[in-house]
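Here's a quick briefing to read with the structure open beside you. Have a look at the overall fold before going through the points.

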Number of protein chains: 2
Amino acid sequence: MKRKPNRIASQLKAGRVAANGLIDRRVFLQRGAATGLALAGGIASGYAANIGDNAKPWQKTIGAPMSAGGSPSRFAQEKLKRGVLQPYGEIAPGSGASMTPIHELHGTITPNGLHFERHHNGVPDIDPAQHKLTIHGLVKRPLVFDMEALMRYPMVNRICFIECSGNSFFNTFAKPRPLPAGMIHGLVSCTEWTGIPLSVLLDEAGVDAKAKWILAEGADAATMGRSIPLSKALDDVIVALYQNGEPVRPEQGYPVRLVIPGFEGNTSIKWLHRIKVTDRPLHARDETSHYTDLLPDGKAEQFTFVMGVKSVITRPSGGMTIWRDGFYEISGLAWSGASKIRRVEVSADGGKTWGDAYLHGPILDKSLTRFSMAWHWNGEPVQLQSRATDEKGRVQMTHGQWMAKYGAGQRYHYNAMQTWAVNEHGEVSNAYL
Amino acid sequence: MKRKPNRIASQLKAGRVAANGLIDRRVFLQRGAATGLALAGGIASGYAANIGDNAKPWQKTIGAPMSAGGSPSRFAQEKLKRGVLQPYGEIAPGSGASMTPIHELHGTITPNGLHFERHHNGVPDIDPAQHKLTIHGLVKRPLVFDMEALMRYPMVNRICFIECSGNSFFNTFAKPRPLPAGMIHGLVSCTEWTGIPLSVLLDEAGVDAKAKWILAEGADAATMGRSIPLSKALDDVIVALYQNGEPVRPEQGYPVRLVIPGFEGNTSIKWLHRIKVTDRPLHARDETSHYTDLLPDGKAEQFTFVMGVKSVITRPSGGMTIWRDGFYEISGLAWSGASKIRRVEVSADGGKTWGDAYLHGPILDKSLTRFSMAWHWNGEPVQLQSRATDEKGRVQMTHGQWMAKYGAGQRYHYNAMQTWAVNEHGEVSNAYL
């Protein structure tokens, strides 16, 4: 199919929402608007059914039989891997992270096997028959629960993201690292968690009137522990037994994980074995040695739990190449630890002009929200950005604004806008603005 | 913790919603109500931190390092398998089904590797670089799309169930088969699909005014094909490239599957390679040789696409044993091919009295909805049932009513209420009422 330049021009004019080819989704979707996309090409007059000599090899032979479990196509497997970061290498093989390849995924749900990991001393191999959860401290009735007991409690389901507070730390470095989106921003994932409201278990233990905080602690060799305000613990925190339907996997906290929607990921304690109710934060090792936010004046903010409003364009993104000019869908993810996403804007001229992206529903509280924007690339260099606003009115800063506020020493809670530079060859790379 | 009988009695009285121990969720959740559950037992006064001699083996050693992909715990793997049905064994190894173990799962999202499979001639091993989608027939511009072209179109996300029209056919047999819920009702799964609205591609091809139907055809060796009304094709049908974030897996139609929300599963053509726009249904082999609904008078209903309103209690369910009397959460799934779920009722006395179950949100159109009901089992035999109503006002029939309407020859669209009989030993089994 040969595209007609005058038709493209009229579409671009009718649908313009911002500079450098950003157009309205309705124009992109409406009858005829998609014609410009017809690189599909190849008119099938003289169509021959795909049988006989025209048939592909897989149409001529019995396929693989049914299976008890599935896996991705051999043609897709290589890209569907978490990127492993193991900065301490041989001295601490259990400390590091695996990052979700968000640039290879679509939608909002992360498959369990691709949910990011962050461990302080590796993944324990826990026998659920031996694992117990203890609630003690400022309670009327200290309690110990085995897994069978927990299974009898009322459960809730909740789709939410978990994001490591160190996500995107590569973008705090002096020069933009030439990495794909998943290696920069892939310490965020979104799944459906099922479990018992922590409030139910705390109520059963009987929380003392003097209580103000809890300590949650994991059964890994690092004994990872974090202090959480009691008000949050009684709000929407889940003692999770299932993730995307399945029992929580070992690297996500099997057999039981605390899930704290919207808070930095390290507070969602994996392999949960103890909750102590206290009158003050315990200043546990992991919340004093790190997980504080260093400011330029040398002071540090502590207990900055709530993850910021954030977004990232996942397609096109770093390392990809746009092979020719024409129509494309820009697609990405937005999220906030405080609320639902209200708005995402996209710019193709480095932030000078902005158009409102389409938000794909259901837009859920503290969950990944997929956004998209129709775009006609004219083959010239552009700078793509997205800017999210949440329902609390919080808006992303530019990279420059964020660095000015926190300085080069801060590695946590980076949530500035991501800039992807597209050069005249269509090559997409990480950039700072 | 010793439970106090008078306390349990007062809770049961205050929260009663139906006979045999069904109680209100609010009573189950509210402060103190859960006390009756404290078989959790073991007061942790004299609590010793889980270090030193009290520590479990996995707390004393570095765990497994980060990984590029995850898998369930070795303690959970055995139960997390699809049940394979291969009725034609050696003569047709590629014809059969694998069933989702819904009784081992929770929440509403099905992990990709556990989504049910139904194949007519096995799973083709398709190279996406060689695969094309053709749209032809009553269109102005016949089109051929390669996968790269499809990737440029605007996409939508949609969580929905897919259910095989033959799901639950074991319950049309004369005697109730002693099977777990997943082997009876596990030809249903629910995932997030991402892809291009079929209406966009049809609009681009330019649908002729005479068109009323489409034929959708797969590239498997069975050349599976189904006729779909054009009105549905232009409504909410998706040309899906992703499932739960990942590229659609081979057994689900890689590289591209038609997803038809609410219609019987066989219409969601896998390995989609051809759509022909027509003025009438084509009466393809797979819609005349089977996939019709045989009535007792020997006539058959054809093109009964929309799946009925349905529900099943997944816990407790067939093959499970309730080890002692006390409080439990009854949990299950409800769905309808026509709309959202409006209501689910639960009975513990074989349908004489009913209580409204709690519906867990988000309640999405044509999706699995999780329901739950608080229950106190007193140790005596009971019959558990659930009854769903959708927003169209459709309600499930009893097994007896359904069999009277369709007779013993019909294997498709079984959607009667499931009865689980609990005997005095707490053993749960399939029953007809």
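What follows is a walk from the whole chain down to single elements.

Keep in mind that this is a predicted model. Chain A carries eight helices and 26 strands, and its assignment splits out two domains, 119-291 and 310-431. Chain A also shares a contact with chain B that draws on 109 residues from A and 111 from B.

**Chain A overall**

- Chain A has a radius of gyration of 24 Å, which agrees with the value near 22 Å that a compact globule of 433 residues would have.
- Laid along its principal axes, the C-alpha trace of chain A covers about 80 × 60 × 40 Å.
- Of the 433 residues in chain A, 54% are buried.
- If you take the chain A contacts with a separation of 6 or more, 71% of them link residues 24 or more positions apart.

**How the two domains of chain A meet**

- Domain 1 runs over 119-291 and domain 2 over 310-431.
- Going by C-alpha atoms, the centres of these two domains of chain A sit 29 Å apart.
- On the domain 1 side, 23 residues touch 22 residues of domain 2 in chain A.
- Strand E8 (156-163), helix H4 (181-185) and strand E9 (188-197) of chain A are the elements that each give two or more residues to that domain 1 side.
- Sorted by type, the domain 1 side of chain A that touches domain 2 has 15 nonpolar residues, seven polar and one charged.

**Chain A against chain B**

- The contact between the chains takes 111 residues from chain B and 109 from chain A.
- Chain B's side of it breaks down into 53 nonpolar, 37 polar and 21 charged residues.

**A three-stranded sheet in chain A**

- Strands E3, E4 and E5 of chain A line up in that order as an open, antiparallel sheet.
- E3 (83-85) and E5 (117-119) of chain A each have a single partner strand, so one side of each is left without a neighbour in the sheet.
- From one strand to the next, the twist averages 10°.
- E4 (residues 96-99) of chain A is joined to E5(A) by three bridges, with the two strands antiparallel.
- Opposite Gly96(A) you'll find His119(A) in E5(A).

**A five-stranded sheet in chain B**

- Over in chain B, five strands make an open sheet with mixed pairing, ordered E7-E6-E15-E10-E11.
- Its edges are E7 (143-146) and E11 (225-229) of chain B, each pairing on one side only.
- Ignoring direction, neighbouring strands of this sheet are turned by 15° against each other on average.
- Strand E6 (residues 132-137) and strand E15 (residues 272-278) of chain B run parallel and share four bridges.
- His136(B) has Lys276(B) in E15(B) as its bridge partner.

**Helix H5 of chain A**

- How enclosed is helix H5 (residues 198-205) of chain A? Six of its eight residues are buried, so H5(A) is largely enclosed by the rest of the structure.
- The buried set in H5(A) is Leu198(A), Val200(A), Leu201(A), Leu202(A), Glu204(A) and Ala205(A).
- Within chain A, the buried residues of H5(A) pack against strands E6 (132-137), E7 (143-146), E9 and E12 (238-243) and helix H6 (230-233).
- Chain B joins in too, as the buried residues of H5(A) also pack against helix H2 (25-29) of chain B.
- Right after H5(A) comes Gly206(A), with a positive phi near 80°.

Conventions:
Residues numbered from 1 in each chain as written. Chains lettered and ligands numbered in written order. Predicted model: local features only at pLDDT ≥ 70, side-chain atom pairs only at ≥ 80, totals over all residues. Rg over C-alpha atoms; globule rule 2.2 N^0.38 Å. Buried ≥ 20, exposed ≤ 12 C-beta atoms within 10 Å, placed from the backbone. Contact = placed C-beta atoms within 7 Å. Pairing = 2+ DSSP bridges. Axes fitted to C-alpha atoms, helices over the stretch in contact; angles between N-to-C directions. Domains from an automatic or database assignment. Nonpolar A, V, L, I, M, F, W, Y, C, P; charged D, E, K, R; others polar.
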